[in-house]
Amino acid sequence: MIYVRKENKMKTNIYNGKKIIISGMARSGISAAKLLKKFGADVTVQDAKEREKLKSEAEKLEKEGIKTYLGKNPDDIISDFDILVMSPGVPCDLDFVKKAREAGVEVTGEIEVASSVCDSPIIGITGTNGKTTTTALTGEIVKNYKEKSEVVGNIGTPFCDKAALTDKDSFIVAELSSFQLETIHKFRPVISAVLNITPDHLNRHKTIENYIAAKERVFENQTDEDYLILNYDDEACRDMKNRARAKVFMFSRKEKVEGVYADDTSIYINMLGINEKLVDIDDMNIIGTHNTENAMAAVAMALCAKVPVEIIRKTLKEFKAVEHRIEFVKTVNGVDYYNDSKGTNPDAAIKAIEAMKKPIVLIGGGYDKGSDFTEWIEKFEGKVKKLIVIGAVTEKIEKTCDKLGFKNYERAESFEDAIDKCYSYAQSGDCVLLSPACAS
């Protein structure tokens, strides 16, 4: 049975009868496959992993009438399809993607598919750091205003899981990575935000210019009826105003901007006819100057969504840190343990170091995304008493430490070993911080 909602019959029938191949059998790929099948598409899911590694997922999809093509890239069959849907983890410069375009196959992504069948107005949030906290906080605010609103995207729940359940009287709040934005075409959020830009994922994007261009796609289809929120204190973000058609509001910790701004103690509103103090920073449960920035961005988006100020104020006071983002775990023998495993690049990890008020025993390292660790290690002075290094990037971090004269580091052979070392080095009054500055 073809799934068609009454509200949007013309829109959702665009996939009926189409031959669609989805590259990547991860969460977003599986979600897109199920959604497209409901709307009458002939769906195949492809993954380069062998069937033995994906047997359970493959069998579930096949029971739903979805085909699988596993163990290799679809170079030989790609021209047989109408649409290729790229999962965000699959690079767009692979040979089969080029062959698809040459054969006239439409190349798109899960965000484009989901938004094409979504009835709710979309709030789209991107940037290098702070996306998850800002998305979660924005979602909490708008849910307190429109209770059917949903939070989706890179934050954990694939957009396609919720797209067919949306209505015009709710919002979709989407955390969007540069990988997801690479494959959009008509995706148009009514409110978008670019939180900040620092070098990240350069192993995939190759240059910072390419990375910025991917981030900017979040507002490329917006019109003068829409809103764009930018970080005034970030030069790359501030410059984006010159390329935007949407109405632009800024947030800042340094200047009294048209938008939302802060001083050392409070957050203030100066937009849409509202000019007032909103909240004292100490009344919020999220710590660190970066979280003040995240809160200001969320406030600006919520105001553009016409959320009453009192709902925004109340939510800011009640909201707690998201899982894995400077998340307090527990105190053991007088030592506080914090999980900042979402700090997967140097700039995010710097913010976690700056937020800590106690001497730090730090766990860092992982997979190398092409980052430079110099600035991260320079921030250790007076803050980090010991660095435990893990993962494939260990040697690169150690060489940077040596170059900068930071000698108080030690290599761990596993994550468990790293925790044991932290336990032995940390003293009462210290904190142990997992903030890797790398991908896992």
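Hi everyone, this is a short walk through two strand regions of this structure and one buried phenylalanine. Please keep in mind that the model is predicted.

Let's start towards the N terminus of the chain. Here five strands make an open sheet, and their order is β3-β2-β1-β4-β5, with parallel pairing. At the edges you find β3, residues 67-70, and β5, residues 106-109; each has a single partner strand, so one side of each has no neighbour in the sheet. On average, neighbouring strands in this sheet are turned by 25° against each other, ignoring direction.

Now look at one pairing in that sheet. Strand β1, residues 19-23, runs parallel to strand β4, residues 83-86, and four bridges join them. If you want a spot to click on, Ile22 stands opposite Val85 in β4.

Helices lie across these strands too. Helix α3, residues 51-63, lies across β2 and β3, at about 165° to β3. Helix α4, residues 95-102, lies across β1, β2, β4 and β5, and its angle to β4 is about 150°.

Let's move along the chain to β18. How many of the seven residues of β18 are buried? Six of them are, so β18 is largely enclosed by the rest of the structure. β18 has parallel pairing with β17 over six bridges, and three bridges join β18 to β19, again in parallel. Within these pairings, Ile360 is bridged to Val384 of β18, while Leu387 has Tyr409 of β19 as its bridge partner. To get from β18 to β19, the chain passes through helix α16, residues 394-404, in a right-handed β-α-β crossover.

Just before β18 comes our phenylalanine. Phe380 sits in the loop between α15 and β18. Is it buried or exposed? Phe380 has 1% relative accessibility, so it counts as buried. Leaving out residues up to four places away in sequence, Phe380 touches Ile353, Leu362, Leu387 and Phe406. You met Leu387 a moment ago, as the bridge partner of Tyr409.

Last stop: helix α17, residues 415-425. Its buried residues include Ala418, Lys421 and Cys422. They span an arc of only 100° around the axis, and therefore lie on the same side of α17. Turn to the face away from that buried side, and you find the exposed residues Glu416, Asp420 and Ser424. And what covers the buried residues? The cover includes β17, β18, β19 and β20, which brings us back to the strands we have just visited.

Thanks for listening!

Terms used
Residues numbered from 1 in each chain as written. Predicted model: local features only at pLDDT ≥ 70, side-chain atom pairs only at ≥ 80, totals over all residues. Heavy atoms only, no water. Helix = DSSP H or I, 4+ residues; strand = E, 2+ residues; numbered from the N terminus. Buried < 20%, exposed > 50% of the residue type's maximum accessible area, 1.4 Å probe, protein only. Contact = heavy atoms within 4.5 Å. Arc of directions from axis to C-beta. Pairing = 2+ DSSP bridges. Right-handed = clockwise from strand over helix to strand, strands pointing away. Axes fitted to C-alpha atoms, helices over the stretch in contact; angles between N-to-C directions.
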